Amino acid sequence: MGDPGTFVATARSRLWRRYRTWAIGALAALGSYASAITALPDHGWWRYPAAAASSAAAAAAVVVSLPRPTSERDRPPIAPPRPRVVVRSTAGDATWAKWLADLLDHTGRQPVWEPWDERTPGPGRTALTVVIVSAATAVWPVPPVPDGPHLYLRVEECPLPEGARGETVLDIAGLPREVATGRLLDRLGTTVPASAEGRETPPYPGLDSAVTNLPPRNALFTDRTAVLDRIGALFLGPHPAGGPRSCAVVGVGGIGKTSVAVEFGHRFASHYDVVWWVRAGSPVQVLDGLTLLARRLGMPGDDDPGVTLGALWRALGERRRWLLVFDNAVDPADLEACWPPLTNGDVLITSYVRNWHGGRITDVLALEVFQEEDAVEFLRRRSNDRLTPAGTAGTVARALGHLPLVLEQAAAYTEETGTTLAQFERVLHRQPSTAPLLSQETWYQPEMTATWRMSLHRACVQQPEARTLALLLAFLDSDRVPRSLLPDHARVLPPPLRDQLGSDLAVNALLRPLISYSLVRVDDHGELGVSRQVQDYLRATLDADEHRRHADAAVLLVESAFPADPADPDSRPRCARLLPHALAAIRHGGASGTGEPTALGRLLHRAGTYLHLRGDYTRALDLLTRSLETQESRPEGDRSVLADTLAALGRTQYSLAALDDARRHTERAVRLYTDLHGPDDLRVARQLLHLSRIQREQGEYAAALDTAQRALEVTTAASGEEDPGIADCLMVLGDAHWRRGALDAANDCYTRALALRERNPATAAADLAAARKHLALIALDRDEPQQAHDHLVRARALLAETYDTEHPAVADVDNHFGESLRRLGRTDEAGAALRRALKIREPLGDHPDVVGTLIRLGRLHRDTGATGESYDVLEQARRMAEAAMGPDHPYVADAEADLAETLHAQDDRDGAVDRLRAAVRRYEAAYGADHVLTVRARTRLRLLETPHSDG
């Protein structure tokens, strides 16, 4: 029968469950009845049946609302517990673990994270253990094979742990999100329920869908978790309105800044759809890297860096999120011109320079050397030496200053020589500490140089001439040295270098031990690199004669490889690839007092010419000036190269508005070409055309006309009347006529040039557009706005075949297009065209092109009655013209003449007269008394000076 007490308790429980509803209802009725009767009068309360009715209704409501007792079979089934799935990963693969855990949760599983090298006991039985394998896990201790069902999920190309075989491995490395997700779900034997399909999921961590050139992940990356988390917290928060988030990771050379940036790119790749690595050692490298990204995104190529960057920023602005990494930046000013004006991305900078605070930089993180426990762990993992006690490894780490780069090379030494860290520690302390300090990092200890000395010594034991190759690489740029540069051009080197580097086999034999000891690295493209610190150390081991000899060898090597004609479009990619090495060889060659002035002069000329073509006029000027000085130091040098350098220098100075210097060098080039090739050579004609442009800008219109006419005669005699060069001459000749006010003659030249270019099927659309634009200028000067409008519409259509809407050539057409529309009374369209032009031109600063657009915009404001805005814009144009061209230039007179009209519209007749008098003086000095602009301004002045005239 069992316990009587238990029986009684059970019976009571059953009775309560059966009658509890009626009991609660009765209590509710009594309560309601009591409340009702208290509200009735004291006498005759029993005569009111409403209270009883109210209590009955309350009881019924309670009975109905209470749940009825159910039998066991009526109760809903209890959901079974979700299968528990352990996700095992390193901290570096946290984004993969989060993505996988979310996917498992979607499929009805219970994900639990477990550290890579630990077993965390958890409640319940584990249905599956998923081990995430990546490059970050390849060097960790091999974990024990999980108990029970398990799956190794390889997410990057890397070795698999021991025990990961066959059916226990699923490889999704490099797969797009949809494919990777499908394979994983197939292996799990499940799908995502329809109820979970609308839920937001974390981004897929793979780089497959991103536009990226991120370097490979460093499998030995150690520590720095706090730094990565701080960068992540900065970048992944809300973005500011003024620009991208930016962070500079700074520290001495070899501290691991680049490794931090690479690890951040891989670890947080899921948050970006563009991750782009830019070598930032110089402005040239920065622009090269961004130009490559523009091409990768499908932007058309252009020689003008401003056009390329504008197209790139528009493309990135349309992306979800992007990350730019400027690696090894030297000067904040180098990035200023290439700073993205966007808010939907992040900028990460690495630099050994610490002065990044303020300005555009959101945060600066200073890296320090490894903590000793991290340095010990790195050494033991990198050398694969788990036998040496941690104390001995710590002694080695302290002797090497805990610097990651030196620790890497020390571990490479032990690995290559088959020694342990304990044996290395004994060798290290037998080394003399006499090496010079490196670079400007005064904290470097001589013990650190001992590692490089030992590594170089061991490399030379295997290949006695390995030092020769290492020293040559020390005089080139530290990254991306084309492997073919050495054997393909070794013939120009002096012996014994010529023989030691004369074939691929010979070079590879010398490289092998240098790579093994981490003195030289090889990237994914097979290109070579040497760290700056190792380069500094290698050069510091040379005396003055050895330094000059190796610097000369680098100059000879790069000069032989650098294209002789950088203007050839087919040679541009090779110029871009070799330019950093040219600049490095030039820097070291000039510092050591070159013994190869001819080769150095040619290299300076070619590199300077290429920089000019890229629009980097300031650096081009420096190199071309040095080339001229180098060549002139040897009277027996090649005079044809000297003439080419003079011509290039004149063009660069013209672009920088240094007209006197440009004229001096161009005239020298004309004389030298004439001496070398005779007065009727095409090279002489091309220089005469350039000289005519300079004379025109200097206000010598008659001389400019004569010089252009002479160039036309020489070109016609040498090439015939249908040569494309004839059209170039006609355009320059037309400009000279136009500036003199001879509109009919200028119109004739432009018309002939257009006809000649239209007959030549090879003519570029931009050249046809230029002729149309100049014909429109004549029409505007003749007050024929409709004809000007028609020419400009066709010019804009032609430019659209080659350029996007942000190109400077399009801005030039829009500038005049807006003026034609203004004169036709279409003020809204005119304003849109002029504002487009100004937006493109404003970054030029104080420039004549900006002046022209501002003057036209000031006229438009005046026409629409906004005389205050008109005055402000025209006064800005006047100040800018003075700053750019000098106070007496006719562009200043243009602004003065329009300011006079605006002042007259404001009823300031005296102010208008003063402005016009100043304009007339400038026009007469520049153009002469009979020029159309002078006559027009003088006529207007007389009208304003007439008493009682309304102007």
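Arginine 915 is buried, with a relative accessible area of 17%, a value that falls under the 20% limit used here for calling a residue buried. This arginine belongs to helix α37, which spans residues 909-927. When its neighbours within four places in sequence are left aside, arginine 915 is in contact with Tyr871, Glu875, Arg878, Glu896, Leu899, Ala900 and Leu903. The model in which these contacts appear is a predicted one, and the description that follows should be read with that in mind.

Seen as a whole, the protein has 38 helices and 13 strands. Of its 951 residues, 51% count as buried, while the protein exposes about 43,600 Å², of which carbon and sulfur atoms supply 52%. Among the contacts between residues at least 6 apart in sequence, 66% join residues at least 24 apart.

A convenient place to enter the fold is an open sheet of five strands, whose order is β2-β1-β3-β4-β5 and whose pairing is parallel. Its edges are formed by β2 (110-115) and β5 (169-171), each of which pairs on one side only. On average, and with direction ignored, neighbouring strands of this sheet are turned by 25° against each other. Within the sheet, strand β3 (residues 126-133) and strand β4 (residues 150-154) run parallel and are joined by five bridges; valine 130, for instance, stands opposite leucine 151 in β4.

Two helices can be followed from this sheet. Helix α3 (residues 94-106) lies across β1 (84-89), β2, β3 and β4, and runs at about 170° to β1. Helix α4 (residues 177-188) also packs on the sheet, where it touches β3, β4 and β5, and its direction makes about 160° with that of β5.

Helix α3 also leads to the aromatic residues, since the structure holds three aromatic pairs. In one of them, the rings of tryptophan 96 and tryptophan 99 have their centres 5.8 Å apart and their planes at 85°, so the pair is edge-to-face, planes over 60 degrees apart being counted in that class. Both tryptophans lie in helix α3, three residues apart, which is about one turn of the helix. Tryptophan 96 is buried, with a relative accessible area of 5%, and tryptophan 99 is likewise buried, with a relative accessible area of 3%.

Another pair is made by phenylalanine 235 and phenylalanine 264, whose ring centres are 5.7 Å apart and whose planes stand at 80°, so this pair too is edge-to-face. Phenylalanine 235 lies in helix α5 (residues 225-235) and phenylalanine 264 in helix α6 (residues 257-267), so the pair ties together parts that are 29 residues apart in sequence. Both phenylalanine 235 and phenylalanine 264 are buried.

These two phenylalanines bring the reader to the nonpolar interior. In soluble globular proteins, nonpolar side chains tend to be buried together. Here the largest nonpolar core has 102 residues, and those that touch the most other members are Ile231, Phe235, Phe264, Leu348, Leu493, Leu501 and Leu514. The element that gives the most to this core is helix α20 (residues 544-561), with eight residues. For leucine 501, the contacts beyond its neighbours within four places in sequence are with Leu469, Leu472, Leu486, Pro487, Ala490, Leu493, Val507 and Leu510. A second, separate core is made of 71 residues, including Leu688, Ala711, Ala727 and Cys749.

The last stop is strand β9 (residues 322-327), in which six of the six residues are buried, so the strand is largely enclosed by the rest of the structure. Trp322, Leu324 and Phe326 point one way from β9, whereas Leu323, Val325 and Asp327 point the other way, and all are buried. Strand β8 (residues 274-279) runs parallel to β9 and is joined to it by six bridges, and the bridge partner of arginine 279 in β9 is aspartate 327. Five bridges also join β9 to strand β10 (residues 345-351), and these two strands again run parallel; leucine 323 stands opposite aspartate 346 in β10.

Methods:
Residues numbered from 1 in each chain as written. Predicted model: local features only at pLDDT ≥ 70, side-chain atom pairs only at ≥ 80, totals over all residues. Heavy atoms only, no water. Pairing = 2+ DSSP bridges. Helix = DSSP H or I, 4+ residues; strand = E, 2+ residues; numbered from the N terminus. Axes fitted to C-alpha atoms, helices over the stretch in contact; angles between N-to-C directions. Contact = heavy atoms within 4.5 Å. Buried < 20%, exposed > 50% of the residue type's maximum accessible area, 1.4 Å probe, protein only. Areas by Shrake-Rupley, 256 points an atom, 1.4 Å probe, with all protein chains shown as cover. Phe/Tyr/Trp six-rings, centres within 6.5 Å; stacked < 30°, edge-to-face > 60°. Core = buried A, V, L, I, M, F, W, Y, C linked by side-chain atoms within 4.5 Å.
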